[in-house]
Amino acid sequence: MKYCSTRGQVRNLSFSDAVMMGLASDGGLLIPEQIPQLSQQQLEAFSHLNYRDLAYEIISLYATDLPAADLRNLVDTSYASFNHVDITPVVKQGNVYILELFHGPTLAFKDVALQFLGNLFEYYLIRDNKKLNIIGATSGDTGSAAIAGVRGKKNINIFILFPFGRVSSVQEMQMTTVTDDNVFNIAIDGTFDDAQAIVKEIFNDQQFKQAYALGSINSINWVRVLAQIVYYFYAYFRVREQTTCEQVQFSVPTGNFGDIFAGYLAGKMGLPTRRFILATNANNILSRFVNSGDYSLADVHHSFSPSMDIQVASNFERYLYYLYDGDTEAVVAAMGRFKKTGKIIFPMALQAKIHQDFLAVSVDDQQTIEQISSFYHHTGYLLDPHTAVGVKAAGLIGDNVPLVCLATAHPAKFPEAIDKALKDKMLPLETIERLRDLPRRCERMVADVKKIKKHIALNSSKS
Ligand SMILES: *Cc1c(COP(=O)(O)O)cnc(C)c1O
């Protein structure tokens, strides 16, 4: 399998090159040159596999230059850090299926990809005797999961930028209590989009990128998407064991379009699904895009589901590539327009195409809180606020088929929202309480790309 860029100037990369490149050197995003199609027999064979074996099979379709025994080992090591035997269990609650993606070390779905990516990075770096300095921006969960993925790993440093005061207290603790020598937390004065813009700008400085062997771990890295494809299949097979319905529908709370894009690819590989439900909070650029072809920037709102407080969806360009049928010039033109004017307006013909892939709705804070509360009173099950956005969306616009709602975080990560919905129902979680007394390490900085570059240069190891 070879990889190319959505902008057409990078082609014929191996899997390992794609992993190490992160953002494509032409400014685009890397995607596989073809999408493997699963036959009915393959689907049937995969339906009986446990999570690790399924992950191995699906990843090996894309990681064709990775020796089988090594991939097996990487998968096993990565998911050994999960505290549930099924890795991503599916539980029926009320009239929906909840796909629990929060059993990894930082209690959010990003662990599923980042535990694997951390091990994969270390594997390639040791093999090639190279160093890597990872730079990432986070609205909370990516940072902690990325840090958990690479802490203490050989040949890697990580620099994580997050918006000061705009991530939950638990998320902040999960990042800043990691004091391994290779971990650098940077709290900037600004929003997540400011942090992400700084990271993009740093990556666009090719000279700096090369000199400091920079790599990314944000959802722009292809492996993030790849590892997430697995659980769509896994969930589908678990639901199929319980119903006669051929198709299921997934509801995905989204901000960066990463998780839902993995589902979209699973669908393209042959997973029998209805169109995906795209659920946003008040930061609704993606639901406006689906519902009216209006992809235009608005101000970032601070919500109860902070990991989705995003306007510029970093994976959106990957979908654009497929929407334009692989026309890289059209992608370049659209992204250029977006950069210049802050918006892309899609004509009716394309809107019709988008509607074949997605349904969308925006769920506000009040609806989110009400959903947490009513779901709890109905089922005794606690939804985290992100998951609640997806469950609410499923109730509002879901089809009459089994609905799988992705539970992207453990409720204990967001005690503020839970407390708002259900006073005193959130029991303290030991894995979190333990963090309170640990020493912390974090640098607070202004959102100035020059200063941040200097900080990175000072603390990174050259390859
Ligand atoms: C990151 C995150 C999301 C959004 O995922 P995207 O891939 O950015 O769409 C949703 N919920 C939680 C808990 C997250 O951490």
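This passage describes the ligand site and the two largest pockets of a predicted model.

The ligand makes a good starting point. Its location is the largest cavity, and 15 residues surround it there. Which of them come nearest to the ligand? They are Lys110, Asp141, Thr254, Asn256 and Thr408. By chemical character, the shell around the ligand is made up of seven polar residues, five nonpolar ones and three charged ones.

A few polar atoms of the protein can be picked out around the ligand. In the side chain of Thr408, an N or O atom is 2.8 Å from a nitrogen atom of the ligand. Thr408 is thus a residue to look for twice, as it is also listed among the residues that come nearest. The backbone takes part in the picture too: a polar backbone atom of Gly258 is 3.3 Å from an oxygen atom of the ligand, and for a polar backbone atom of Phe257 the distance to an oxygen atom of the ligand is 3.4 Å. How much of the ligand's accessible area does the protein cover? On its own the ligand has 380 Å² of accessible area, and the protein covers 98% of it.

Attention can now turn to the pockets. Rolling a probe the size of a water molecule over the atoms shows where empty space is left. The largest pocket has a volume of about 700 Å³. Its lining consists of 25 residues, and those closest to the centre are Lys200, Val312, Met335, Phe338 and Lys339. Three helices, α8 (192–204), α13 (316–323) and α14 (328–341), each bring at least two residues to this lining. Which helix gives the most? It is α8, with six residues. In the lining of the largest pocket, twelve residues are nonpolar, seven are polar and six are charged.

The second largest pocket holds about 480 Å³ of space. Here 19 residues form the lining, and Asp17, Met20, Met21, Lys130 and Leu214 lie nearest the centre of this pocket. The helices α1 (15–21), α5 (110–128) and α9 (206–211) each supply at least two lining residues. Sorted by character, the lining of the second largest pocket has eight nonpolar, six charged and five polar residues.

Note on methods:
Residues are numbered from 1 along each chain as its sequence is written. This is a predicted model: local features need pLDDT of at least 70, side-chain atom pairs count only at pLDDT 80 or more; totals for chains, interfaces and linings use all residues. Side-chain values use heavy atoms; hydrogens and water are left out. A residue is near a molecule or strand if one of its heavy atoms lies within 4 Å of it. A polar contact is a pair of N or O atoms within 3.5 Å; within protein, one must be able to donate a hydrogen and the other to accept it, and residues adjacent in sequence count only if both atoms are side-chain atoms. Accessible areas come from the Shrake-Rupley method with a 1.4 Å probe; for residues, only the protein chains shown count as cover. On a 1 Å grid over the protein atoms alone, a cavity is a set of points where a 1.4 Å probe fits but cannot get out, and a pocket is an open set with protein on both sides within 12 Å along at least five of seven lines; lining residues have an atom within 4 Å of a point. A molecule sits in a cavity or pocket if more than half of its atoms lie within 2 Å of its grid points. Ala, Val, Leu, Ile, Met, Phe, Trp, Tyr, Cys and Pro count as nonpolar, Asp, Glu, Lys and Arg as charged, and the others, Gly among them, as polar. Grid points are joined across faces, edges and corners, and a volume is the space filled by probe spheres set on the points. Helices (H or I, at least four residues) and strands (E, at least two) are DSSP runs, numbered from the N terminus.
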